[in-house]
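Subject: A structure for you to explore

Hello,

Here is the structure I promised to send you. Please open it next to this email and follow along as you read.

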Amino acid sequence: MASTSRKPRVQTASNSPSQYTGGITIKSPQELDAMRVAGSIVGATLSLMKRTVEPGITTRELDDIAYKEITRHGAKPAFKGYHGFPGSICASVNEEIVHGIPGKRVLKEGDIFKVDVGATIDGFIGDAAVSIAVGEVSDEAADLMEATRLSLEEGIKAARPGNRIGDIGSAVQTYGEGRGYAIVREFVGHGIGRFLHEDPQVPNYGQPGRGQLLRAGMCIAIEPMLNVGDWHTRILDDNWTVVTADGSLSSHFEHTIAITEDGPEILTKHS
């Protein structure tokens, strides 16, 4: 689940063994193990979503399936009830970028379906998203999704100790804009751990060598959002669903990453 580009309010747990450095949590080895468990549940749920999405299914049906999968592992949906969000997943279609509310909408051939999943277990959270082609999609849609997925890969490569947040954003931006797409700026990635949105914010644009220094033990969610049109957004009357201001197609991919001495570790892998 993306954070707005405004500074998030980060809560801290009074009895947490995590170290806090300027509001950023440095996870212990035991906490990283807990993050791996949460991430694996998110990955399993996304894998199920990829196998299940087809023309004719509703976003509410997918929400129910995701809920059962998350709870089957002993976890809780991290999004359900978060600031009043009603779904277990964020379900966004076509021009909807992020935070779509599951409901009666029926997916149809050619749609881009973006599903964002969060899971909480043993006090730690995993968060990831994929864009899924519903049946056969246009070349425009397929190219957009592929570019967004690859921009995420570029951002992940830059998530190394000694680099800075700006290196991640620059990598995403350089790849995405190099493919001719606009980078959403009003919603960004974020730190993650015991809370869904922790410091630091992780924009999908930036300058190399700028921003927060990356350290081993940090966990962040990197989540490029690329649009066919321009980068501006608006929020629908439900106060959640973010859409492209010009009605153009959008794609969203996300992984939770642990920054280790050996480089980035993807905690939310899916098949």
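Below is what I found, going from helices to strands, then to the cores and a few unusual backbone spots.

Before you start, please keep in mind that this is a predicted model.

**Two packed helices**

Two packed helices are described by the angle between their axes and the distance between the axes. Here, helix 1 covers residues 29–52 and helix 2 covers residues 59–72. They pack at an angle of about 145°, and their axes are 10 Å apart. The crossing of these two helices is right-handed. If you want to see where they touch, colour I41, A44, T45, L48, M49 and T52 on helix 1, together with L62, I65, A66, E69 and I70 on helix 2. Sorted by class, this contact has 8 nonpolar, 2 polar and 1 charged residues.

**Strand 5 and its partner**

Next, have a look at strand 5, residues 89–93. How many of its residues are buried? The count is 5 of 5, so the strand is mostly covered. I89, A91 and V93 point one way from strand 5, while C90 and S92 point the other way, and all are buried. Strand 5 runs antiparallel to strand 7, and 5 bridges join the two. To find your place in this pairing, look for S92, which stands opposite K114 in strand 7.

**A small open sheet**

Strands of a sheet pair through backbone hydrogen bonds, either parallel or antiparallel. One sheet in this model is open and made of 3 strands in the order 6-15-14, with antiparallel pairing. Strand 6 and strand 14 are at the edges and have a single partner strand each, so one side of each has no neighbour in the sheet. On average, neighbouring strands of this sheet are turned by 40° against each other, direction ignored. Strand 14 and strand 15 are joined by 3 bridges, and T233 stands opposite T244 in strand 15.

**The nonpolar cores**

In soluble globular proteins, nonpolar side chains tend to be buried together. In this model, the largest nonpolar core has 50 residues, and F113, V115, I168 and I222 touch the most other members. I222 is a good one to click on: leaving aside neighbours within four places in sequence, its contacts include L152, I156, I168, V202, F253 and I257. A second core, separate from that one, has 16 residues, among them M35, A78, F85 and C90. You have already met C90, on strand 5.

**Unusual backbone spots**

Three places in the backbone deserve a look.

- A cis peptide bond joins D199 and P200, with omega about 0°. P200 is found in strand 11, residues 198–202.
- H99 is not a glycine, yet its phi is positive, about 70°. You will find H99 in the loop between strand 6 and strand 7.
- N239 is also a residue other than glycine, with a positive phi near 65°. N239 lies in the loop between strand 14 and strand 15.

Here is a small puzzle about the last of these: is N239 buried or exposed? N239 has 64% relative accessibility, and because exposed means over 50%, N239 counts as exposed. H99, with a relative accessible area of 6%, is buried, because that value is under 20%.

Enjoy exploring, and write back with any questions!

Best wishes

Key: Residues numbered from 1 in each chain as written. Predicted model: local features only at pLDDT ≥ 70, side-chain atom pairs only at ≥ 80, totals over all residues. Heavy atoms only, no water. Axes fitted to C-alpha atoms, helices over the stretch in contact; angles between N-to-C directions. Helix = DSSP H or I, 4+ residues; strand = E, 2+ residues; numbered from the N terminus. Left-handed = near helix turned anticlockwise from the far one by under 90°. Contact = heavy atoms within 4.5 Å. Nonpolar A, V, L, I, M, F, W, Y, C, P; charged D, E, K, R; others polar. Buried < 20%, exposed > 50% of the residue type's maximum accessible area, 1.4 Å probe, protein only. Core = buried A, V, L, I, M, F, W, Y, C linked by side-chain atoms within 4.5 Å. Pairing = 2+ DSSP bridges.
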